[in-house]
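Colleague: I have a structure open on my screen and I'd like to learn how to read it. Could you walk me through it?

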Amino acid sequence: MTHHRRVLAAALLLVPVVAEAQAWDVHSMSRPKPRAVTPAPASAPAAPPADAIVLFDGRDLSQWRGGDDAPARWRLVDGAMEVVRGSGSISTVRAFGDIQLHLEWRSVAPPRADGQNRSNSGVFLMGRYEVQVLDSYQNETYADGQAAALYGQQPPLVNASRPPGEWQTYDIVFRRPRFAADGSVEQPARITMFHNGVLVHDAATFSGATAHMRRATYEPHEDRRPLALQDHGDPVQFRNIWVRDLEPER
Ligand code: MG
């Protein structure tokens, strides 16, 4: 292959990648659905590592607050906490920047609804960047809104969902966005993530703060902000939530 041809071939390879990021409307139903991968069976929760900050160990909601800094009004049930419809999303008392995050969640069984109304919740990194929580086991919805999607932006690489009512794990490495002094984005927020032990994001970037039905944009914010969990009206349960503060990348 001549040099010229090699350059041309490389350019042709790049075109689909660039085009793909812009090709899909938010919540496009024609965007390809990630293929399903059956993960390993659920196991009992593992203990956090020694330097973890435990945000929920099944006993109380002391690390969480509701809106207006009021006590969190989700309910404790069998070592889990459960969304109470209408009580509002909850946020951590502490604020975080770059983190490793582990949490476990389970959907309602049997399912009560379809699409986006089937055990919808969400993990809002820095209170702004949502990783979707949804029962996506044999449940059709738009690809950028299924479980483990960067909501409205990026579908997971595969659909590693377990059936309704089974505990599922999210393991996330999150790098916060970096803003220049003038407010422009130096580095977008970045996420690597495993759903039930299966890779679903490999250094994927958020295109901005999570928005509904429109393109996301960035607005500069603090270096550390609380983590939030979404009340979307469905009694999704969470357990075994911990984070590790990460040093900035060198
Ligand atoms: Mg959600």
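Modeller: Sure, ask away, and keep in mind that this is a predicted model.

Colleague: Let's start with the metal. Which residues are the protein donors of the magnesium ion, and how far from it do they lie?

Modeller: Along the sequence, the donor residues follow the spacing N-S-x8-E-x1-Q-x97-Q. Put names to those letters and you get Asn 120 (OD1), Ser 121 (O), Glu 130 (OE), Gln 132 (OE1) and Gln 230 (OE1). The distances from these donors to the magnesium ion run from 2.2 to 2.4 Å.

Colleague: Take Ser 121 and Gln 132 from that set. How many residues apart in sequence are the parts that this pair ties together?

Modeller: Both are donors of the magnesium ion, and both are buried. Ser 121 sits in strand E7 (residues 121-125) and Gln 132 in strand E8 (residues 129-133), so the pair links parts whose separation in sequence is 11 residues.

Colleague: On to charges. How many salt bridges does a search of the whole structure find?

Modeller: Here's the general idea: side chains of opposite charge can pair when their charged atoms come close. Asp 98 and Arg 175 are one example, with their side chains meeting at 3.0 Å, N to O. Over the whole structure, the number of salt bridges found is 12.

Colleague: What parts does the pair of Asp 98 and Arg 175 tie together, and how far apart in sequence are they?

Modeller: Asp 98 is in the loop between strand E5 (90-92) and strand E6 (99-106), while Arg 175 is in strand E9 (residues 168-175), so the pair joins parts 77 residues apart in sequence. Asp 98 also forms a salt bridge with Arg 178, where the closest N and O atoms are 3.0 Å apart. Arg 178 lies in strand E10 (residues 178-179), so that second pair ties together parts 80 residues apart in sequence.

Colleague: Are Arg 178 and Asp 98 buried or exposed, and which residues are linked with them in a network of salt bridges?

Modeller: Arg 178 and Asp 98 are both buried, and Arg 175 is buried too. The network of salt bridges that holds Asp 98 and Arg 178 also takes in Arg 175, Arg 190 and Glu 249.

Colleague: What about the salt bridge between Asp 114 and Arg 118: what is the distance between the closest N and O atoms?

Modeller: The two ends sit in opposite settings. Asp 114 is exposed because its relative accessible area is 54%, whereas Arg 118 counts as buried because its value is 12%. Their closest N and O atoms are apart by 2.6 Å.

Colleague: Now Glu 104. Is it buried or exposed, and which side chains make polar contacts with its side chain?

Modeller: Glu 104 is in strand E6 and counts as buried because its relative accessibility is 3%, with under 20% as the cut-off. Beyond its close sequence neighbours, it touches residues including Pro 45, Trp 167 and Phe 238. Its side chain makes polar contacts of 2.8 Å with His 102 and of 2.8 Å with Asn 240.

Colleague: Where does Asp 245 lie, and which side chain makes a polar contact with the side chain of Asp 245?

Modeller: Asp 245 is in strand E15 (residues 237-245), and it is partly exposed at 36% relative accessible area. Away from its sequence neighbours, Asp 245 is in contact with Ile 53, Phe 96, Asp 98, Ile 99 and Arg 224. The polar contact, at 3.1 Å, is with the side chain of Arg 224.

Colleague: And on the surface, which residues form a nonpolar patch?

Modeller: Start from Phe 194 in strand E12 (residues 190-195), which is partly exposed at 36% relative accessible area. The patch has about 250 Å² of accessible area together, and its members are Leu 157, Phe 194 and Leu 199.

Colleague: Last one, on backbone oddities. What is the phi of Asn 196, and what is the phi of Asn 240?

Modeller: Most residues other than glycine have a negative phi, and most peptide bonds are trans. The peptide bond from Ala 109 to Pro 110 is cis, with omega near -10 degrees. Asn 196, in the loop between E12 and strand E13 (198-205), and Asn 240, in strand E15, have positive phi values although neither is a glycine. For Asn 196 the phi is about 55 degrees, and for Asn 240 it is about 45 degrees.

Notes: Residues are numbered from 1 along each chain as its sequence is written. This is a predicted model: local features need pLDDT of at least 70, side-chain atom pairs count only at pLDDT 80 or more; totals for chains, interfaces and linings use all residues. Side-chain values use heavy atoms; hydrogens and water are left out. Donors are N, O and S atoms within 2.8 Å of the metal (3.2 Å for Na, K and Ca); water is not among the atoms, so sites may look incomplete. Helices (H or I, at least four residues) and strands (E, at least two) are DSSP runs, numbered from the N terminus. Buried means under 20% relative accessible area, exposed over 50%, partly exposed in between (1.4 Å probe, protein chains only). A salt bridge is a side-chain nitrogen of Lys or Arg within 4 Å of a carboxyl oxygen of Asp or Glu. Contact means heavy atoms within 4.5 Å. A polar contact is a pair of N or O atoms within 3.5 Å; within protein, one must be able to donate a hydrogen and the other to accept it, and residues adjacent in sequence count only if both atoms are side-chain atoms. Patches are made of residues with over 30% relative accessible area and no salt bridge: like charges are joined within 9 Å, nonpolar side chains (Val, Leu, Ile, Met, Phe, Trp, Tyr) within 5 Å. Accessible areas come from the Shrake-Rupley method with a 1.4 Å probe; for residues, only the protein chains shown count as cover. Lists of a residue's contacts leave out its neighbours within four places in sequence.
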